[in-house]
Amino acid sequence: MKKIKIPYARPSDIILMLVFGSFSLTVTEGSERALTLMIAKGFRFSYVKSEDGALSFRAFLFRKKEICESFTRIGVSFSVGEDHGLPALFLSLSKRYGLMLGLLTLLLITFFSQRFIWQIKVVPDGSTSVSETLRVLDSLGLKKGAFIPSLDIDGICTDFLIECDGISWIRINAIGNCVEVVLKDKSTRPAPEAERPSNIVADCDGLIYRVELSGGQRLVFGGESVLKGQVLISGLVQNEKDGIAEAPVENPTYHFERSIAKVFALTKETIEVKIPLKTVKKEYTGEKHEKKSFIFFSKSINFSFMGRNSPTSCDIIRMYDEIELPGEKILPIAIERELCLPYVEKEITLTEAEAERLARGELAERLSSLLGDEGILLCERTESETDGEFYTLTCSIECIRDIAVETPLFASDVNLK
């Protein structure tokens, strides 16, 4: 018999059968009565095929019992085939107990893990040490694996400020299972509009070359000699008469402001560099010892043969292999690799040529730091001597450099700078 297809279903029924499920049914006797019944009762069906006297089709899964009872009642011979669609898929998976247990465990871990700290991100300020910050937070109970609802965030912030004198402000934000710690260093200078009045004094004796003034009252001019500690720019500024700059005022008034200036002066400097002729040098043995640990939250499980003991004299390098998810989310699981490089200390004696090379390298760095980007070196005279213990290099220079040093105008502001 020729194979035919009868598409008795809307296109949307194909999608609905995928979502709500369908079942296959094959009619072996009474095909005409079966089709008449399906159409009369308005049952939707699709994938209709007639081959070798048998009629097969698919219908919605929730109609399965009703269709089978109707066919039995009118004497139609049929056989029921497989179920299809998402319900059939879920039903088949539900019989795999190991898979269902794994999915349930995953859901439970995902739910409960949101209440524990997975990651601590420190936003430092100034010279704040991230490792030291994490150490203090760990001692206060804020660490990976901590139960977030049980943490007293305000109390931790207060105790942290007591522990760390160099920190003026801390904020702890819990974002899901990630904790962000934002710090403010006491040494951090305030914003320009909030800065306090200040003077600029001389860093050393010198002859003023030029002044680049941005704020404050100028007290010195080019060609004047100044002494170390002398006020060059004052933060007490006289108010000018409206419309007339630097006009004499009978009863002058003043205001305070921050002094901002560069004061270049001709100075004479002496730099002395001492290099010890006998020193201790590390020599690595060439051995390498590696220790691996499995990190889960804040718990560490060592699984290397080396154990937890490291050689007495060695450099230790720690590396962490973490699992990062999309969105920069880091799982609280990592492999820590601790690499130990053993060494021995040997006392060596430098030759005069070696000591001179080291001394001149240090001298160049100190000169560069002293002159800055805009300083000018005019002349240089160096002398060296060796007394058996140290190689001493003395350098006398004449230069033009910025000698301005900003100091608070009021004694109460000294600790704020």
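**Strand pairing, helix packing and a surface patch**

Trainee: In this predicted model, which strand is joined to β2 by six bridges and covers residues 77-84?

Mentor: Six bridges tie β2 to a strand made of residues 77-84, and the two run antiparallel. One pairing within it sets Val-27 opposite Phe-78. The strand asked for is β5.

Trainee: Which residue of β4 does Leu-25 stand opposite?

Mentor: Strand β2, residues 22-29, also pairs with β4, residues 54-60, in the antiparallel sense and over six bridges. Within β4, the residue facing Leu-25 is Phe-57.

Trainee: Why is one side of β6 and of β7 left without a neighbour in the sheet?

Mentor: The open sheet holds three strands in the order β6-β8-β7, with mixed pairing. Because β6 (119-123) and β7 (167-175) stand at its edges, one side of each has no neighbour in the sheet, and the reason is that each has a single partner strand.

Trainee: What is the bridge partner of Arg-171 in β8?

Mentor: Strand β7 and strand β8, the latter covering residues 178-185, run antiparallel and are joined by eight bridges. Among the residues of β8, the one that partners Arg-171 is Val-182.

Trainee: Which helix packs on this sheet by touching β6 and β8, and what angle does its direction make with that of β6?

Mentor: The helix that touches β6 and β8 is α6, built from residues 130-139. A further helix, α7 (residues 153-163), lies across β7 and β8 and runs at about 150 degrees to β7. For the helix you asked about, α6, the angle between its direction and that of β6 is about 130 degrees.

Trainee: Which strands stand at the edges of the open sheet of four strands, each with a single partner?

Mentor: This sheet has antiparallel pairing and the order β11-β13-β9-β24. One edge is made by residues 217-218 and the other by residues 404-408, so one side of each is left without a neighbour in the sheet. Toward the first of these edges, two bridges join β11 to the antiparallel strand β13 (residues 231-234), with Gln-217 opposite Ser-234. The edge strands are β11 and β24.

Trainee: Which residue in the turn between β22 and β23 has a positive phi?

Mentor: Strands β22 (residues 376-386) and β23 (residues 390-402) pair in the antiparallel sense over 10 bridges, and Leu-377 stands opposite Cys-399 in that pairing. The two strands form a hairpin with three residues between them. In this turn a phi of about 95 degrees belongs to Gly-388.

Trainee: Which helix gives the largest share of the nonpolar patch on the surface?

Mentor: The patch has about 1100 Å² of accessible area together, and its residues include Ile-14, Leu-18, Phe-20, Tyr-47, Phe-62 and Phe-90. Two helices, α1 (11-20) and α4 (86-94), each supply at least two of its residues, and Leu-18 is found in the former. With six residues, the largest share comes from α1.

Trainee: Where in the chain is the pLDDT below 50?

Mentor: The protein averages a pLDDT of 82, and 84% of the residues score at least 70. A stretch with pLDDT below 50 nevertheless has 13 contacts in the model beyond near neighbours in sequence. This stretch is residues 1-7.

Note on methods: Residues are numbered from 1 along each chain as its sequence is written. This is a predicted model: local features need pLDDT of at least 70, side-chain atom pairs count only at pLDDT 80 or more; totals for chains, interfaces and linings use all residues. Side-chain values use heavy atoms; hydrogens and water are left out. Two strands pair if DSSP finds at least two bridges between them. Contact means heavy atoms within 4.5 Å. Axes are lines fitted to C-alpha atoms, for helices over the stretch in contact, and angles run from 0 to 180 degrees between N-to-C directions. Patches are made of residues with over 30% relative accessible area and no salt bridge: like charges are joined within 9 Å, nonpolar side chains (Val, Leu, Ile, Met, Phe, Trp, Tyr) within 5 Å. Accessible areas come from the Shrake-Rupley method with a 1.4 Å probe; for residues, only the protein chains shown count as cover. A salt bridge is a side-chain nitrogen of Lys or Arg within 4 Å of a carboxyl oxygen of Asp or Glu. pLDDT is the predictor's confidence in each residue, from 0 to 100.
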